[in-house]
Amino acid sequence: MAPLVPLSALPVAPPSQLLIHRLTPDPRAPSVSAFRSSTPSLQRRARLLAPQAHFAFVNPFPVPFPYDIQPPGPDDPPLTDKSAYVESWLAAREAVHERPSNSNAVLRIHDPKLRETPRVLLGVAETALRDCLPNLDVGDAFSLLGTPSLSDQSPNKSGSTSPEAVSARQELVDILSGYSVLSTPKSNDDDTAFAPWSLRYSGHQFGTWAGQLGDGRAISIREHFFLFVFLGSLSQVVTPHPSDPSQTIELQLKGAGRTPFSRTADGLAVLRSSIREYLCSEAMHALRIPTTRALSLISLPSLPVHRERTESACVLTRLAPSFIRIGNFEAMNGPTNMFFFGGGQQEPDWDGLRVLGEWVAENVLKLRVKKGDPWGRELVLEVARRHARMVAAWQAYGFMHGVINTDNVSILGLTIDYGVFPKVSQFIQEADVSKVHMLSWTYLIHSTYVITLTKLAATRTNIYALRALLTSLAPLIGSELQTGRAVHAGWASSKSPADIDALRLLGMSLKDELDRVAQEETAIEYGRLMRLRLGLRFVDERDESGVFGPLVGVVQGQGLDWNGTFRTLCEFRSRFLSEGEGEGKGEMMDAFVRRLVEFSEPGEGVKEWERKREEWVRWLGVYAKRIGRKEERALWGGEEVEEEERERAMKGVNPRFVLRQWVLEEVIRRVEEDAEVGRRVLGKVMQMATNPFEPWGAEGDTRGEEELGKEEREERRFCGMGERRMLGFQCSCSS
């Protein structure tokens with residue numbers, strides 16, 4: 001195993017694999033050297049980039065906005081040039097001063113002169129570190145954070161006594177808080193130079209074209225040269241790829257200050273939303289749902305952030321092979337050009353569209369297309385497949401993304417931007433479909449499973465986003481269909497508007513195939529995951545109508561906990577139906593059904609209980625026959641061990657712990673009240689979220705609450721539904 005190295009010394013990808021050397025930068029700063037010599041305000045001034053630009057160089061700059069630039073004092077020289085004074089103020093706070101070092105690392109650390117602020121490490125995700133950056137030395141970070149605990153209220157302040165460990169941790173905090181910046185020395189030529197960047201993208205927001213958006217508070221600070229990260233729908237592990245042993249992992253800071261895409265916003269993020277994304281990213285990964293990852297969380301307690309109330313700033317580091325979105329393609333060819341105060345949309349840039357598509361096809365999606373062969377159609381269909389599998393996993397585990405705008409849709413089919421979303425458990429009835437738009441502005445991660453909203457809204461909005469990708473690429477795809485070859489540089493330079501329209505129409509002929517691929521792939525993956533959750537190995541296409549659909553109907557009709565229902569079903573035994581008088585009338589069946597309906601709405605006495613019981617006995621009878629089929633039983637370990645083996649398999653895919661809204665609210669409150677104590681709670685919830693199938697809280701232990709240890713009691717509480725008032729809890733989208 002390679003030795004651990006600090007963040008600045010991790011290997012850097014070669015220029016051929018770096019986005020900044022393959023895509024087109026803002027022509028106002030077209031190279032790293034030009035960026036360094038530009039005025040500081042160029043990075044912070046909201047503006048529309050040139051049509052051909054894919055990104056802008058920008059350094060992290062977590063400073064409250066509007067900037068508090070005080071005028072000269074009475075003893076200072078009179079102010080004659082306000083612009084120069086502002087540039088001087090900004091320059092003194094930019095991280096452009098190279099830190100002395102004896103290291104031979106490619107990247108050097110740069111610090112500001114006048115921006116010293118407290119930086120409090122709240123968390124490092126061990127799972128993301130293990131999977132994505134296993135050679136990163138975080139020093140004494142985990143020692144400083146303390147043993148994760150829900151019940152121990154004492155703070156932990158004991159870091160390491162090793163200067164090397166303290167130095168590695170401090171470097172990590174300095175860089176991932178946005179205080180320091182990694183870039184190549186000034187002596188590097190532009191062909192090999194490196195500096196942070198933010199991407200330009202456009203998008204549809206809630207069905208309305210919004211024009212240029214871009215990374216308004218996200219800054220990619222480096223790309224790490226690493227092994228391929230497999231992003232399959234079931235397992236996500238780090239392993240060498242058989243045909244491409246290398247891949248890059250992009251580190252991106254969220255909440256690190258203004259960029260050219262911030263519009264009127266401050267580019268900062270608050271603690272509460274950062275905690276949510278930090279925990280949810282890793283929780284989704286643990287459920288094997290494709291997602292971006294979260295590495296670290298660093299609080300900036302002295303930086304005020306003004307939302308509905310004044311809060312403090314926080315910087316989240318997230319990881320992905322790429323953060324390119326469907327909106328990046330829309331930026332190159334949006335549905336309409338427009339300009340308004342604070343924004344707009346540029347004219348199409350056909351060569352910019354080609355350059356972006358070639359980069360994504362070759363380096364991001366890694367399509368197996370021969371050089372010179374058409375790639376546009378394959379790109380769109382591959383994105384559709386990836387997104388279909390992602391949405392199927394959302395449906396199977398009860399997740400609904402609250403803002404599936406085209407600027408929030410990863411080209412890799414990763415769940416991204418956890419600004420507002422529900423993680424579901426208790427069903428909202430079909431009549432509440434009208435809440436789809438309203439829910440887009442809320443944050444519901446308690447566990448309320450909105451099956452109608454999820455299966456209809458998620459699928460429809462995903463197809464809407466895929467169609468937006470096709471619309472952007474349609475003229476290019478039309479050209480490839482017409483010629484049978486990949487487009488070349490200047491492919492549209494001689495085309496008239498009428499020619500482009502004709503090519504667009506030809507390219508849009510792919511729409512029906514796109515819809516079919518997305519819907520079929522979603523259905524196949526949803527069926528696969530539901531079989532896993534129900535302990536079914538034999539594939540029967542009738543399961544959707546015969547088993548899955550009726551189960552959804554029972555759970556929805558009774559307002560039950562979605563994931564809790566599956567966890568309880570792990571312990572079902574067919575003999576429950578035949579015990580006692582038969583027909584499911586025995587005591588074991590009574591006890592089992594009472595566990596299933598534990599979190600339903602209060603009933604209306606005996607009749608309501610009998611109704612619920614009858615519905616469950618009917619469905620469990622169907623389920624018992626399904627698991628008892630000879631084709632099914634042949635795929636298990638034999639009659640004597642079959643039920644135990646099925647239970648183990650089901651408990652390996654059905655979570656005991658679900659990251660619910662009430663849990664997040666409690667974690668946020670405890671970190672806000674006392675960061676040093678709260679980060680131990682945060683660490684324990686991360687531990688539970690990344691190991692959701694473990695029997696937390698002494699699951700199955702028949703001892704009374706008073707006999708359990710304090711930590712076990714808290715674990716059990718955190719595995720519960722929480723107070724009913726938190727079901728349907730809606731929190732602000734502002735973050």
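The crossing of α23 and α24 is left-handed, and that helix pair is a good way into this predicted model. Here's a quick tour: the pair itself, then one buried glutamate, then the chain as a whole.

**The α23/α24 pair**
- Helix α23 covers residues 661-673 and helix α24 covers residues 675-689; they pack at an angle of about 155°, with axes 6 Å apart.
- Angles over 145 degrees count as roughly antiparallel, so that's how α23 sits relative to α24.
- On the α23 side, the contact is made by V663, V667, R670, V671 and E673.
- Across from them, α24 brings in A675, G678, R679, V681, L682 and V685.
- Sorted by class, the contact comes out as seven nonpolar, one polar and three charged residues.

**E277, a buried acid**
- E277 lies in helix α8, which runs over residues 271-286.
- With a relative accessible area of just 2%, E277 counts as buried, because the cut-off for that is under 20%.
- Setting aside neighbours within four places in sequence, E277 is in contact with K254, A294, L316, R318, D417 and Y418.

**The whole chain**
- The protein chain has 25 helices and 14 strands.
- Of its 735 residues, 58% are buried.
- Take the contacts between residues at least 6 apart in sequence: 74% of them join residues at least 24 apart.
- About 29,300 Å² of the protein chain is exposed, and carbon and sulfur atoms supply 53% of that area.

Conventions. Residues numbered from 1 in each chain as written. Predicted model: local features only at pLDDT ≥ 70, side-chain atom pairs only at ≥ 80, totals over all residues. Heavy atoms only, no water. Helix = DSSP H or I, 4+ residues; strand = E, 2+ residues; numbered from the N terminus. Buried < 20%, exposed > 50% of the residue type's maximum accessible area, 1.4 Å probe, protein only. Contact = heavy atoms within 4.5 Å. Areas by Shrake-Rupley, 256 points an atom, 1.4 Å probe, with all protein chains shown as cover. Axes fitted to C-alpha atoms, helices over the stretch in contact; angles between N-to-C directions. Parallel < 35°, antiparallel > 145°, perpendicular 65-115°, else oblique. Left-handed = near helix turned anticlockwise from the far one by under 90°. Nonpolar A, V, L, I, M, F, W, Y, C, P; charged D, E, K, R; others polar.
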